[in-house]
Amino acid sequence: MRIVVLGGGFGGVTTARYLERRLRGKRDVEITLVSRENFFVLTPLLFESCSGRLELRHCAQPIRAAVRRTRFIEATVDHVDVEHQVVRAVSSEGSGYDLPYDHLVVALGASTNERLIPGSSNAFTFKTMADALVLRNHVIEQFERADATSESATRRGCLTIVVIGGGLVGVELLGELTAFVEDVLRFYPRIRRDEIRFLLFEAGARVLPEIDETLAVIAANVLRRRGADIHVSTPVQSIEPGGVRVGNEIIDARTIVLTAGIVPSVVASEIPVVHDQRGRIAVDETMRSRSHPNVWALGDCAAIPGPDGRPYPALAQHTVREGRHLARNIAAAIERRDPTPFVFHPLGTMASLGHTRAVALVFGMRLTGFPAWWMRRTYYLFQMPRWDRRLRIVLDWTVALFFRPDITKIELRVEREQVRRPRSVAAAVGGRNDPHD
């Protein structure tokens, strides 16, 4: 019996881990997990990695360390042949793998929706570790440029940060960025606080539609007190290089982050099974494909109906529970038992706002400020597998309580030292050998 899991995110890794537990005594069952990265990211911790309060690698976990008997293959899924029950995957070097399966789990997640707003390719996204690192480097670079120039238009563009989308990701990111800027501003004596602008644009009637309206108002007020301008019922018409068009106005901004909605993974939407109108794999309440009973799907790329018939939201807490339940259902199918419907009543919703501030609705109880912030951190800490990683996270958090984040940029390109020298320095050494070259 061969089980192939596609996707190394929350859903895929959780499913593989619980399949190992459920099928511990069945040596004839092979579990294979395919992911283009050899790690998975605890995405709710990505915001603090962007600001430097949490070391970037510590918001992730190596997949091989998280699973035991599961075979892991680092590769990109090319296509799925559901008629012959074979997955074709390709490594970064071009090596191909044909993986036959008896049960297929699709947990390929989603990507930022760049179809809604023209020019979305001009904006940053915030879904991966690379996104967090690139955005952090860019924000620091803009502050360096603003500090070095006295030209008012250049300074205005460099010191304007625009976030498009007022959902959980947009609000949490804006909260962390406002806190980060407050902490590092002392390193830039030529930049005044009133020169920095934070703008958030939300097309809907309010921010944080995923959470209680009272808490959403509290969160918006916290951000406004830090100087953020929040515009609701204000769709962005287009995103241009160096600016956004809102109505008849073009706002000059060098930092634009798009967090307005998601679309299912391209690979998941191209698998020849039944999909819903948004491109998600259509499954029944047991997470089984409506057209192919040996294909299962969960997470952001699946439309899993709840008891009321509406699909469950694309939130981390739902995906974790889906993975656990899906593992039980596949084990039941292998043992020729009937799978059971997935029913989950959320524990609540939490949103971090940076600087030990958050809002949370937990078991129907509203929490704000430090208690909500502590509750959110504690919950997600224990969602990370393995105690070694949890301890590293706790150490990072402890250090961040006493020290401000630094402004070190991590270069993403490799350059020889000789190439990076100014010409005057290169001429001065006269071509002498450098022991570091």
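In which helix is Leu 177 found? In this predicted model, in which residues are numbered from 1 along each chain as its sequence is written, local features need pLDDT of at least 70, side-chain atom pairs count only at pLDDT 80 or more, and totals for chains, interfaces and linings use all residues. Side-chain values use heavy atoms, with hydrogens and water left out.

Leu 177 is found in helix 6, which spans residues 168-184, where helices are DSSP runs of H or I with at least four residues, strands are runs of E with at least two, and both are numbered from the N terminus. With a relative accessible area of 4%, Leu 177 is buried; the term denotes a relative accessible area under 20%, whereas exposed denotes over 50% and partly exposed the range in between, computed with a 1.4 Å probe on protein chains only. Although Leu 177 and Arg 357 are 180 residues apart in sequence, the C-alpha to C-alpha separation of Leu 177 and Arg 357 in space is 13 Å.

Strand 2, formed by residues 30-35, is mostly covered, with five of its six residues buried. Strand 1 (residues 2-6) pairs with strand 2 in the parallel sense over five bridges, pairing being assigned if DSSP finds at least two bridges between two strands. Within this pair, Val 5 stands opposite Leu 33 in strand 2. The chain passes from strand 1 through helix 1 (residues 10-22) to strand 2 in a β-α-β crossover that is right-handed, a label given if, with the strands pointing away from the viewer, the path from the first strand over the helix to the second runs clockwise. Strand 2 also pairs in the parallel sense with strand 5 (residues 71-74), over four bridges, and the bridge partner of Ser 35 in strand 5 is Glu 74.

Strands 6, 7 and 8 form an open sheet in the order 6-7-8, with antiparallel pairing. Strand 6 (76-81) and strand 8 (96-100) stand at the edges with a single partner strand each, so that one side of each is left without a neighbour in the sheet. From one strand to the next the twist averages 20 degrees, with axes taken as lines fitted to C-alpha atoms (for helices, over the stretch in contact) and angles running from 0 to 180 degrees between N-to-C directions. Strand 6 and strand 7 (residues 86-90) run antiparallel and are joined by five bridges, and Val 86 in strand 7 is the bridge partner of Asp 81. The loop between strand 6 and strand 7 contains Gln 85, a residue other than glycine whose phi is nevertheless positive, near 55 degrees. Gln 85 is partly exposed, its relative accessible area being 26%.

A positive phi in a residue other than glycine also occurs at Met 287, where the value is near 75 degrees. Met 287 lies in the loop between strand 19 (281-282) and strand 20 (295-297), and, at 0% relative accessibility, counts as buried. Most residues other than glycine have a negative phi.

Another open sheet comprises four strands in the order 13-12-11-17, with parallel pairing. At the edges stand strand 13 (228-231) and strand 17 (255-258), each with a single partner strand, so one side of each is left without a neighbour in the sheet. The twist in this sheet averages 15 degrees from one strand to the next. Strand 12 (residues 197-201) pairs with strand 13 in the parallel sense over four bridges, and in strand 13 Ala 228 is the bridge partner of Phe 198.

Strand 15 (residues 243-246) and strand 16 (residues 249-252) run antiparallel and are joined by four bridges, with Ile 251 in strand 16 serving as the bridge partner of Val 244. The hairpin of strand 15 and strand 16 has two residues between the strands, and in it Gly 247 takes a positive phi near 65 degrees.

The second largest pocket holds about 420 Å³ of space. On a 1 Å grid over the protein atoms alone, a cavity is a set of points where a 1.4 Å probe fits but cannot get out, whereas a pocket is an open set with protein on both sides within 12 Å along at least five of seven lines, and lining residues have an atom within 4 Å of a point. Of the 19 residues that line the second largest pocket, Gly 52, Leu 54, Glu 55, Arg 136 and Asp 406 lie nearest its centre. At least two lining residues are supplied by each of helix 2 (46-51), helix 4 (129-148) and helix 11 (387-402).

Methods: Grid points are joined across faces, edges and corners, and a volume is the space filled by probe spheres set on the points.
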